[in-house]
Amino acid sequence: MDFEELYQQVILDHSRRPRNFGELPDADVNIEADNPMCGDEIALHLKFGADDKIEGVTFTGSGCSICVASASMMTQKLKKKSREESSALMHTFHDMLTAEQETEPPAVLGDLALLKGVRKFPLRVKCATLAWHALEQALQTKQGAAASDPGI
Ligand code: ZN
């Protein structure tokens with residue numbers, strides 16, 4: 001199987017059966033993001049644990065296959081990650097799609113590396129990074145803002 005075939009199979013699979021798709025009733029943060037150029041509209045739902053690591057993450061909305069597949073794969077990567085780790089992953093992913101020099105994607109990206117072909121299509125880069133922009137905003141929310149209890 002060559003890269004293009006693999007790419008298409010994985011993307012299609014995620015876009016048809018997105019993982020972690022649905023509401024997150026006890027979410028701490030809900031961020032909406034849209035990409036009018038394509039019509040992608042998603043919302044990211046995040047719950048942080050007592051250790052401020054990502055306890056739960058889901059997304060809702062609709063978008064093109066690149067957008068949904070990227071969001072689906074992203075949510076699979078975020079569980080139990082700290083804000084710093086999530087942010088680092090986001091930058092790694094973003095670099096893969098926007099860095100001037102094309103480089104071999106780091107192993108940490110896993111299946112997300114299959115989206116690297118998108119870098120040739122600037123309009124689709126916006127689709128692939130939409131969920132990540134929502135993540136960026138979510139990570140900037142005040143630490144422990146929702147259920148913080150200063151009790152020891
Ligand atoms: Zn799109």
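User: Let's start with Cys127: which helix is it found in?

Analyst: Cys127 is found in helix α4. Keep in mind that this whole model is predicted.

User: Is Cys127 buried or exposed, and how do you know?

Analyst: Its relative accessible area is 0%. Buried means under 20%, so Cys127 counts as buried.

User: What does Cys127 touch, leaving out residues up to four places away in sequence?

Analyst: Cys127 touches Asn35, Cys38, Asp40, Cys64, Ile66 and Cys67. Asp34 is 93 residues from Cys127 in sequence, but their C-alpha atoms are 9.1 Å apart in space.

User: What makes Cys127 a donor of the zinc ion?

Analyst: A donor here has to be an N, O or S atom within 2.8 Å of the metal. The protein donors of the zinc ion are Cys38 (SG), Asp40 (OD), Asp40 (OD), Cys64 (SG) and Cys127 (SG), and they lie 2.2 to 2.7 Å from the ion. So the SG of Cys127 fits the cut-off.

User: How are those donor residues spaced in sequence?

Analyst: The pattern is C-x1-D-x23-C-x62-C. Asp40 in strand β2 and Cys127 in helix α4 link distant parts of the chain, 87 residues apart. Both Asp40 and Cys127 are buried.

User: Why is His14 called buried?

Analyst: His14 has a relative accessible area of 3%, and the cut-off for buried is under 20%, so the label fits. His14 lies in helix α1. Not counting residues up to four places away, it touches Arg19, Val68, Ala69, Ser72, Met73 and Gln76.

User: Why is the pair Arg17 and Asp13 called a salt bridge?

Analyst: Their side chains meet with N to O at 2.9 Å. The definition asks for a Lys or Arg nitrogen within 4 Å of an Asp or Glu oxygen, so this pair qualifies. Asp13, Arg17 and Arg19 are also linked in a network of salt bridges.

User: How many salt bridges does the structure hold?

Analyst: Five. One of them joins Glu55 and Lys80, with the closest N and O atoms 3.6 Å apart. That pair links distant parts of the chain, with Glu55 in strand β3 and Lys80 in the loop between α2 and α3, 25 residues apart.

User: Why is Lys80 called exposed, and what is Glu55 called?

Analyst: Exposed means over 50%. Lys80 has a relative accessible area of 51%, so it is exposed. Glu55 is at 37% relative accessibility, so it counts as partly exposed.

User: How do you know that Arg119 and Glu102 form a salt bridge?

Analyst: Their closest N and O atoms are 3.9 Å apart, and the limit is 4 Å, so the pair makes the cut. Arg119 counts as buried at 17% relative accessibility, whereas Glu102 is partly exposed at 49%.

User: Which residues touch the most other members of the largest nonpolar core?

Analyst: The core has 43 residues, and Leu46, Ile66, Phe93, Leu115, Val118, Trp132 and Leu135 touch the most other members. Elements giving two or more residues include α1, β2 and α3. The largest share, 10 residues, comes from α4.

User: And what is Phe93 in contact with, aside from its neighbours within four places in sequence?

Analyst: Phe93 is in contact with Ser70, Leu109, Leu112, Leu115, Ala128, Thr129 and Trp132.

User: Why would nonpolar side chains be found together like that?

Analyst: In soluble globular proteins, nonpolar side chains tend to be buried together.

Key. Residues are numbered from 1 along each chain as its sequence is written. This is a predicted model: local features need pLDDT of at least 70, side-chain atom pairs count only at pLDDT 80 or more; totals for chains, interfaces and linings use all residues. Side-chain values use heavy atoms; hydrogens and water are left out. A nonpolar core is a set of buried Ala, Val, Leu, Ile, Met, Phe, Trp, Tyr and Cys residues joined through side-chain atoms within 4.5 Å. Buried means under 20% relative accessible area, exposed over 50%, partly exposed in between (1.4 Å probe, protein chains only). Helices (H or I, at least four residues) and strands (E, at least two) are DSSP runs, numbered from the N terminus. Contact means heavy atoms within 4.5 Å. Donors are N, O and S atoms within 2.8 Å of the metal (3.2 Å for Na, K and Ca); water is not among the atoms, so sites may look incomplete.
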